[in-house]
Amino acid sequence: MSATRTLVVVAHPDLATSRITARLADAVGDLEHVTVHDIAAAGPGGRVDVAREQQLLRDHDRIVWLFPWHWYSVPGVLKSWIDQVLTYGFAYGADGTALHGKTLQLVTSTGGPADSYAADGFNRFTLAQLLTPLDATAHLTGMRLAEPFALFGARTVSDEDLSVHAKTFRALLED
Ligand SMILES: Cc1cc2nc3c(=O)[nH]c(=O)nc-3n(C[C@H](O)[C@H](O)[C@H](O)COP(=O)(O)O)c2cc1C
């Protein structure tokens with residue numbers, strides 16, 4: 001069986017300063033069935049080439065959104081990309097079936113430690129609860145939401161633990 005054609009949408013406002021997101025993007029770049037696509041290098045004013053992005057989505061069966069957790073949500077660069085690319089008639093609406101049957105894999109990292117993402121923790125909600133808008137987005141667009149893959153405590157993670165995390169991420173995309 002051949003591996004799943006996978007598009008990794010890398011959404012970091014400043015990838016040159018990234019430790020986690022950049023490392024994860026690097027960890028899968030050489031996989032033959034994986035396309036790593038940096039969306040921060042978008043056109044002037046954050047405008048993306050919608051037709052090109054939509055074609056990339058059509059050409060892959062598993063879509064990964066790889067992003068740092070910013071203000072309890074996706075970074076602005078990913079929100080802007082979603083707003084522009086997941087259009088009516090493409091991603092939703094009567095004829096908007098282009099994403100139906102694909103898998104959406106969310107991959108993120110948070111500054112807060114794991115125990116802060118709990119009802120009795122500093123952030124008051126679990127990451128799964130905070131991800132519900134993206135769960136709803138997957139549902140509306142006919143995509144199956146895979147179990148999110150998250151790294152907590154990004155600012156203090158050791159090089160060893162980051163290395164293990166990157167290997168686990170690679171293994172996740174290997175089939
Ligand atoms: C603008 C901004 C907002 C952030 N908001 C959050 C947040 O709401 N919760 C959290 O746990 N970490 C937050 N962080 C920390 C980032 O999630 C963390 O630095 C990032 O995952 C590290 O990944 P990177 O090395 O790829 O940048 C924020 C960081 C920035 C720069």
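Contact here means heavy atoms within 4.5 Å. With that in hand, a helix pair and two pockets can be described in this predicted model.

Two packed helices are described by the angle between their axes and the distance between the axes. For helix α2, spanning residues 50-58, and helix α3, spanning residues 76-85, the axes come within 10 Å and cross at roughly 90°. Because angles of 65 to 115 degrees count as roughly perpendicular, α2 is roughly perpendicular to α3. On the α2 side, the contact is made by V50, E53, Q54 and L57; these residues meet W81, Q84 and V85 of α3. Sorted by class, the residues of this contact comprise 4 nonpolar, 2 polar and 1 charged.

Turning to the pockets, the largest pocket holds about 280 Å³ of space. Its lining is formed by 14 residues, and I20, P68, S109, A154 and R155 are those that lie nearest the centre of the largest pocket. The lining of the largest pocket divides into 8 polar, 4 nonpolar and 2 charged residues.

The second largest pocket encloses about 220 Å³. Lining the second largest pocket are W69, H70, W71 and Y72, together with T110, G111 and G112, and also S116, Y117, F122 and N123. By class, this lining has 6 polar and 5 nonpolar residues, with no charged residues. Charged residues are thus a handy point on which to read the two linings side by side: the largest pocket has 2, and the second largest pocket has none.

Methods: Residues are numbered from 1 along each chain as its sequence is written. This is a predicted model: local features need pLDDT of at least 70, side-chain atom pairs count only at pLDDT 80 or more; totals for chains, interfaces and linings use all residues. Side-chain values use heavy atoms; hydrogens and water are left out. Axes are lines fitted to C-alpha atoms, for helices over the stretch in contact, and angles run from 0 to 180 degrees between N-to-C directions. Helices (H or I, at least four residues) and strands (E, at least two) are DSSP runs, numbered from the N terminus. Angles under 35 degrees count as roughly parallel, over 145 as roughly antiparallel, 65 to 115 as roughly perpendicular and the rest as oblique. Ala, Val, Leu, Ile, Met, Phe, Trp, Tyr, Cys and Pro count as nonpolar, Asp, Glu, Lys and Arg as charged, and the others, Gly among them, as polar. On a 1 Å grid over the protein atoms alone, a cavity is a set of points where a 1.4 Å probe fits but cannot get out, and a pocket is an open set with protein on both sides within 12 Å along at least five of seven lines; lining residues have an atom within 4 Å of a point. Grid points are joined across faces, edges and corners, and a volume is the space filled by probe spheres set on the points.
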